[in-house]
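User: Please walk me through a buried polar residue and the packing around it. Keep the answers short.

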Amino acid sequence: MWDDQELSHATIERAASRFWGTLTLGAHCNGYVADALSRPTHLWVAQRSLNKPTDPGMLDNLIGGGVPLGQSPWEALQREAFEEAGLAPDEIALATPGRVVALHCDIPEGLQREHLHVYDLRLPAGRAPQNQDGEVAWHQCWPVAEALAAAAEGRFTTDAALATLDFAVRHGVVAAHDPLAVALEALVAGAASGAPAAR
């Protein structure tokens, strides 16, 4: 169990964290395609497998997963990159840190408390992710506006919607004075960290 400074004090089964309302850590990566001026044009959207016990069939980011005991968010992202999207180590090493979003949400299972570490990865046109572990039904490359609309409609998981919004705000797709951006700022807990070699 982590405290708000992400210091570990005890170990419980991750599946029980929402029942007890204990803090978990998540690592999500927005995969995007940009134009010649480096402006994001498309986001890679994943649909979670219908067999997943949590949020089956919901939309997700390119990569998204919980941080297990013994790994940092950055290390968890490296592992999930191959499992969820078939990305090689040298590809995910290019991911850049975004921000940490503090999620606190009542859900049917109990209480979801999570520090969501958000990263971005620009993928070249034509580089399509390929799921390896069966937890993703498909990946599709959507115009940024279409992905944002789906998030606003509640089709994304809560954490993936926040990671997508964080991406859009940081890249200027959503204006800083937009009510959604203002609401997000209240949840930002700091800057996500990455491996020193990726700086």
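What follows is a short set of questions and answers on this structure.

Analyst: This is a predicted model, where local features need pLDDT of at least 70, side-chain atom pairs count only at pLDDT 80 or more, and totals for chains, interfaces and linings use all residues. Residues are numbered from 1 along each chain as its sequence is written, and side-chain values use heavy atoms, with hydrogens and water left out.

User: Is Asn30 buried or exposed?

Analyst: Asn30 sits in strand β1, residues 23–34 (strands are DSSP runs of E, at least two residues; helices are runs of H or I, at least four; both are numbered from the N terminus). Buried means under 20% relative accessible area, exposed over 50%, partly exposed in between, with a 1.4 Å probe and protein chains only. Asn30 has 2% relative accessibility, so it counts as buried.

User: Which backbone oxygen does the side chain of Asn30 reach?

Analyst: Asn30 is in contact (heavy atoms within 4.5 Å) with residues including Leu43, Phe167 and Arg170, leaving aside neighbours within four places in sequence. The side chain of Asn30 comes to 3.1 Å from a backbone oxygen, that of Ala163.

User: Which element gives the largest share of the largest nonpolar core?

Analyst: A nonpolar core is a set of buried Ala, Val, Leu, Ile, Met, Phe, Trp, Tyr and Cys residues joined through side-chain atoms within 4.5 Å. The largest one has 27 residues, and Phe156 and Val174 touch the most other members. Elements giving two or more residues include β1, β2 (40–48) and α5 (158–170). The largest share, eight residues, comes from α5.

Notes: Polar contact = N/O pair within 3.5 Å; in protein donor to acceptor, adjacent residues only side chain to side chain.
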